[in-house]
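Trainee: Please take a close look at the aromatic contacts of this chain, and then place them in the setting of the surrounding fold and its charged pairs.

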Amino acid sequence: MAENLNSTPNANRIHIGFFGRRNAGKSSVVNAVTGQNLSIISEVKGTTTDPVMKAMELLPIGPVMIIDTPGIDDEGELGALRVQKTRQILNKTDVAVLVVDSNDGMLPADRELTALFKTKQIPYIIVFNKCDLKYIECSEETEISVSAENNINIDKLKEKIGTLSAKENYTKCIIKDKLKRQDIVVLVTPIDASAPKGRIILPQVQTIRDVLDARACCVEVQPEQLSFILENLKKKPAAVITDSQVFSVVKDIVPDDIPLTSFSIIFAQFKGILETAVKGAASIENLKNGDQILISEGCTHHRQCEDIGTVKLPALLKKYTKKDVEFSFTSGAEFPDDLSRFSLVIHCGGCMLNEREMIYRQKCAADQNVPFTNYGTAIAYMNGILKRSLGIFPEIQAEIK
């Protein structure tokens, strides 16, 4: 899904997932709530065969990601794959809307879904659709009777979704809470063969915006320009934030009295996984010959010859550990449920994934006792500067001996 420069990044939107059995009217409710024909509707069971995702503005909530899912009761071999896709969507859902056919009431498949919502701690609403045919009296705050076809109680449903979304829509920031007005932040962004043509990558764009929101100043440089900039600034920078892949160069240029970190590390904090990533990085010391490492990216981009995930990071790990370790790679929505064969998971910064999905992936590893870290944290560790790179997060830095 393309994002333009004026849109809220998809990962920062509230993800609202619509779930239920086939023909309960999920797609009709989605269309009624959004006021758009986002999903195809039909009397034929299983019309929605893949998750339908749409980034939009939804009043009174704001920027959201609407997700319409296949029926949880789909059948057959292909149906099982669709159900698996639906369950995967739960891992990124901030607010769940369970659509139930009023004529049928709550059936076992619906109760299974509500149990999953509770297990995954997803706030949810139960929507009894087709109330014009059979009205269900709702006594719970999390229940509502509607008719998507006749637009009955749709506005009230949107208000309920908005109330739950407000609880999820925290004001977490990337770096601005560490800055004061007129602070200078130097961003080191190498432009090499792996950099996208004609633009800079999303974490860097989001960091620039966060710095500007703090009414601080950005200075954007390439590694070879860093010494010149530091020598000529009249005011000492509040921080230098670098692309992780040039940590080994930048660490020798930035004086010890200037805080140094990376985009990947501040995004680990932004996504709620930094503490785990720091602990996971230390497990690099325990790697043995034949161990398998999963390197996972949240986006799907064309890999270049200097790709950090598939080329530079594996090379650095082999050089540092002096072990013959093996690597597996995943990208985008791919993330294995079974991590038992891996000795370590190293994830990207997760700029394309929302916080809930990043925490889910971290928890998958924790539940299977597999260490979990991310690119920047692992690279800082192998360069011997992890403690230094956590200077702007003193509460986490203090945990490193």
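**Aromatic pairs and their setting**

Mentor: In this predicted model, five aromatic pairs are found. In one of them, Tyr320 and Tyr381, the ring centres are 6.3 Å apart and the planes meet at 70 degrees, so the arrangement is edge-to-face. Because Tyr320 belongs to helix 10 (residues 308–321) and Tyr381 to helix 12 (residues 375–382), this pair ties together parts that are 61 residues apart in sequence. Tyr320 has a relative accessible area of 29% and is therefore partly exposed. The rings of Phe327 and Phe329 have their centres 6.4 Å apart, and their planes are at 20 degrees, so this pair is stacked. Phe329, at 36% relative accessibility, counts as partly exposed. Elsewhere, Phe19, Phe117 and Tyr124 make up one aromatic cluster.

The sheet comes next. Its six strands form an open arrangement in the order 2-3-1-4-5-6, with mixed pairing. Strand 2 (52–58) and strand 6 (143–145) each have a single partner strand, so each stands at an edge with one side left without a neighbour in the sheet. From one strand to the next, the twist averages 25 degrees. At one of these edges, strand 2 pairs with strand 3 (residues 62–68) in the antiparallel sense over seven bridges, and Ala55 is placed opposite Met65 in strand 3. Helix 1 (residues 26–34) packs on the sheet and touches strand 1 (14–20), strand 2, strand 3, strand 4 (95–101) and strand 5 (124–129). The direction of helix 1 makes about 145 degrees with that of strand 1. Helix 3 (residues 108–119) lies across strand 1, strand 4 and strand 5, at about 170 degrees to strand 4.

The loops that lead into these two helices are joined by charge. Of the 17 salt bridges counted, one connects the side chains of Asp104 and Arg21 at 3.5 Å, N to O. Asp104 sits in the loop between strand 4 and helix 3, and Arg21 in the loop between strand 1 and helix 1, so that the pair links parts of the chain 83 residues apart. The two partners contrast in burial: Arg21 is buried, with a relative accessible area of 6%, whereas Asp104 is partly exposed at 43%. Together with Asp110, these two residues form a network of salt bridges.

Further charged pairs complete the account. Asp252 and Lys251 meet in a salt bridge of 3.2 Å, N to O, and Asp252 is exposed, with a relative accessible area of 60%. Asp256 and Arg388 form another, at 3.6 Å, N to O. Here Asp256 lies in the loop between helix 7 (247–250) and strand 10 (260–262), while Arg388 lies in helix 13 (residues 386–389), 132 residues apart. Asp256 counts as exposed, at 71% relative accessibility.

One distant approach of the backbone remains to be noted. Met352 is located in the loop between strand 13 (344–347) and helix 11 (355–367), and its C-alpha atom is separated by 7.8 Å from that of Pro9, 343 residues away along the chain. Met352 is partly exposed, at 36% relative accessibility.

Key
Residues are numbered from 1 along each chain as its sequence is written. This is a predicted model: local features need pLDDT of at least 70, side-chain atom pairs count only at pLDDT 80 or more; totals for chains, interfaces and linings use all residues. Side-chain values use heavy atoms; hydrogens and water are left out. Two strands pair if DSSP finds at least two bridges between them. Helices (H or I, at least four residues) and strands (E, at least two) are DSSP runs, numbered from the N terminus. Axes are lines fitted to C-alpha atoms, for helices over the stretch in contact, and angles run from 0 to 180 degrees between N-to-C directions. Contact means heavy atoms within 4.5 Å. Buried means under 20% relative accessible area, exposed over 50%, partly exposed in between (1.4 Å probe, protein chains only). Rings of Phe, Tyr and Trp (its six-membered ring) pair if their centres lie within 6.5 Å; planes under 30 degrees apart count as stacked, over 60 as edge-to-face and the rest as tilted. A salt bridge is a side-chain nitrogen of Lys or Arg within 4 Å of a carboxyl oxygen of Asp or Glu.
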